[in-house]
Structure formats: structure tokens, C-alpha cells
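Here's a quick briefing to read with the model open beside you. It goes from one residue out to the chain, then on to helix packing and aromatic rings.

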Amino acid sequence: MTVTPMRLRSAIAETLWECVKAHHLEGACDALGMKPAREGSPEPFNSKRSYVEGRLQGMSLTDLTNLAHRVAAEYDAEHLQPLLDASGTHGVAGELKNLIFAADGPKPEIVFSDALNNDVLVVKNEQFCLVYDRPLGAHGLTWAELTSWWADRAGLTEAPAREISLDLYRRLDRSLGDNHAERRILRTYADRYVRLGDGIPALIPQVYLHYDPYTRAHHAPGTPPLARQRMDFLLLLPQRIRIVVECDGKQHYADENGHADPRRYAEMVAEDRELRLNGYEVYRFGGAELTDTPATGQRLAAFFDRLAERYSA
């Protein structure tokens, strides 16, 4: 299927025609960021489809695609999803089931409590990790939602919002140990919450992607252990878009003596390919980019600004 501006305009208009009453349509279009209606355009009460399509005239294919994602996240995506799939702008297949993250102690030990439903249970070291146990909406996971969950978990529901947010930030920060480069990433992103509000996606550190209970020595020949059991950071965006941010220290490309290790580098790029084929987006920073300088903060802030612009986060 070829995705054209005309098809996207029609699908967006059809979605809003079905989901929004005429007297709410102008406000819904405003909330989605559409341009104001042109003078002489049809009124919502005369033709909802024509009204919406009129407000979409002149938008580029990229802007229409971004808008279509917002509409699909807010309303029924039946008419839009085939076009979004064909556009190549799609996320990870399947629903998020388990979000285990921010361990600040020994590695958690995980078992299936119900293998048929992919339900997992942390049976050891649960006190050192966090497990987000609320449903994930089509809009992803925001900092506001994560702090609401934390308030319930930590018994802070009566505390001021700023106190809850700071308490959660300190807990996430602890999971980074003595990794100052990763801490600079978290600190820079936290500044965005202050500047832009808590409706932006949460940056989640130390997220378990795989769980492998065996050491390398206990694996049978020819069956290596699962690679990259944790992601440094994860953003859960609308429409199942998942952004992985990695901070590469020497251990990603050098051996214990500091010498270049082609095997380690090959393993890393193979893992990246696998993640991308599964629908994740991966962005890497070299450790040398994250030294304690003013330029580092500027570099990270610019990166997150461009990331938000690209994905309409």
C-alpha cells in the first residue's frame, strides 16, 4: 500500500467522524495540534469529514504521519493502523507484559508463575528491583504515571507531587551505582521534567530485556548465554515505539586489559540488529561523549530535543 497525504487525510477524517461528536470536533482538532480552519471552510455540523480534511490541507506527509500516530493513540486506530504499518513508522509487536528495572543490589531471580500467559515472578532479590505492574496505555509511559505508581508503592500518596518525583528520581539514580556517564544521561533528562512537565515519556534505567539464570560456564556447548540482559535506558512512546539508549564504556569493545576486542564489538552490533528487527530503536553514546563538561549537557539536551521532535514524544 502506498501511503499518500490524501489517504492519511481521509483516514484521519474518517476516524474523527466516527469518534467525535460535531460540537466537540473543533476542540478535538485543536487539542491534536491542527491548524485553524480556513475562512469559508465547511462547519463541523455540516460535514465533519470535510471540516477535518480542510484543517489538514497543506500538511506534509511527515506531519500527517505524526498526527496520525497521535490520533491513533487517542481514538480507535482501525482506519489508520494499516497506513501507519505501511509507512514503516511502527513499534514493537505485542503487548508489554513485564517491566522490571532499576535494580540497586543483587540481580533478581525470575521464574514463570504462568508460562501460558507469560506471567513472571521475582523469587529472589525482589527488594532490590522495581516492577511496574500497571497496564500500559497506547500513549506509552509518562513520568506522571510512573510517579503515581511510585506514590502508591512507597506510601507517598499524600505527599506533594514534587516530593514524590524527587523521591523516585533518587531511587532510580541509586540503580546506576558509580556509573557517572549514565548518571549524566538521567540528570539531563530529569531537567526536561522540570522544563516541560511530567506528561513527557519517563526515562527508565536498567531495564531487564532478557533473564538468563545460567552462568557462561553452565551453558551447554554451542548455546551461549543470552546477550544484553539489561538495557541502560528505555523510553516507552505511543504506538508501542520503544527507544533504547545505551552508554558504551570500554567493556563494550575492549578486553580486561584495555585492548580492542573484535569479538565483544561483534556481539554488541549483533544484539543491536536483533533489537531493531524486533522493532526497537537503539541510540548509543560512547563513554568519551559523556565526560563531566558543559558540552556534555548541551549534547544530551540537544539529543533529547531532537528525539522528541522525531517521535512527537
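Does Phe304 count as buried or exposed? Phe304 has 2% relative accessibility, so it counts as buried. Bear in mind that this is a predicted model.

**The chain overall**
- The protein chain has ten helices and eight strands.
- Of its 313 residues, 42% are buried.
- Take the contacts between residues at least 6 apart in sequence: 60% of them join residues at least 24 apart.

**Tyr189 and its ring partners**
- Two numbers do the work here: a pair of aromatic rings is described by the distance of the centres and the angle of the planes.
- The whole structure holds nine aromatic pairs.
- In one of them, Tyr189 and Tyr193, the ring centres sit 5.3 Å apart with the planes at 80 degrees; edge-to-face pairs need over 60, so this pair is edge-to-face.
- Both tyrosines belong to helix H8 (residues 180-196), and because they are four residues apart, about one helical turn separates them.
- Tyr189 and Tyr193 are both buried; for Tyr189 the relative accessibility is 5%, which is why it counts that way.
- Tyr189 also pairs with Phe304, again edge-to-face, at 4.8 Å centre to centre and 75 degrees between the planes.
- That second pair ties together distant parts of the chain, with Tyr189 in helix H8 and Phe304 in helix H10 (residues 294-311), 115 residues apart.
- Zoom out a little and you find one aromatic cluster made of Trp143, Tyr189, Tyr193, Tyr283, Phe285, Phe303 and Phe304.

**How H2 packs on H3**
- For the helices, the description is just as brief: two packed helices are described by the angle between their axes and the distance between the axes.
- Helix H2 (residues 22-31) packs against helix H3 (residues 48-56) at about 15 degrees, and their axes are 11 Å apart.
- An angle under 35 degrees counts as roughly parallel, so H2 is roughly parallel to H3.
- The two helices, H2 and H3, make a right-handed crossing.
- On the H2 side, the contact uses Ala22, Leu25, Glu26, Cys29 and Asp30; H3 brings Lys48, Tyr51, Val52 and Arg55.
- Sorted by class, the H2 contact with H3 comes to five nonpolar and four charged residues, with no polar ones.

Definitions and conventions
Residues are numbered from 1 along each chain as its sequence is written. This is a predicted model: local features need pLDDT of at least 70, side-chain atom pairs count only at pLDDT 80 or more; totals for chains, interfaces and linings use all residues. Side-chain values use heavy atoms; hydrogens and water are left out. Axes are lines fitted to C-alpha atoms, for helices over the stretch in contact, and angles run from 0 to 180 degrees between N-to-C directions. Angles under 35 degrees count as roughly parallel, over 145 as roughly antiparallel, 65 to 115 as roughly perpendicular and the rest as oblique. A crossing is left-handed if the near helix is turned anticlockwise from the far one by less than a right angle, and right-handed if clockwise. Contact means heavy atoms within 4.5 Å. Ala, Val, Leu, Ile, Met, Phe, Trp, Tyr, Cys and Pro count as nonpolar, Asp, Glu, Lys and Arg as charged, and the others, Gly among them, as polar. Rings of Phe, Tyr and Trp (its six-membered ring) pair if their centres lie within 6.5 Å; planes under 30 degrees apart count as stacked, over 60 as edge-to-face and the rest as tilted. Buried means under 20% relative accessible area, exposed over 50%, partly exposed in between (1.4 Å probe, protein chains only).
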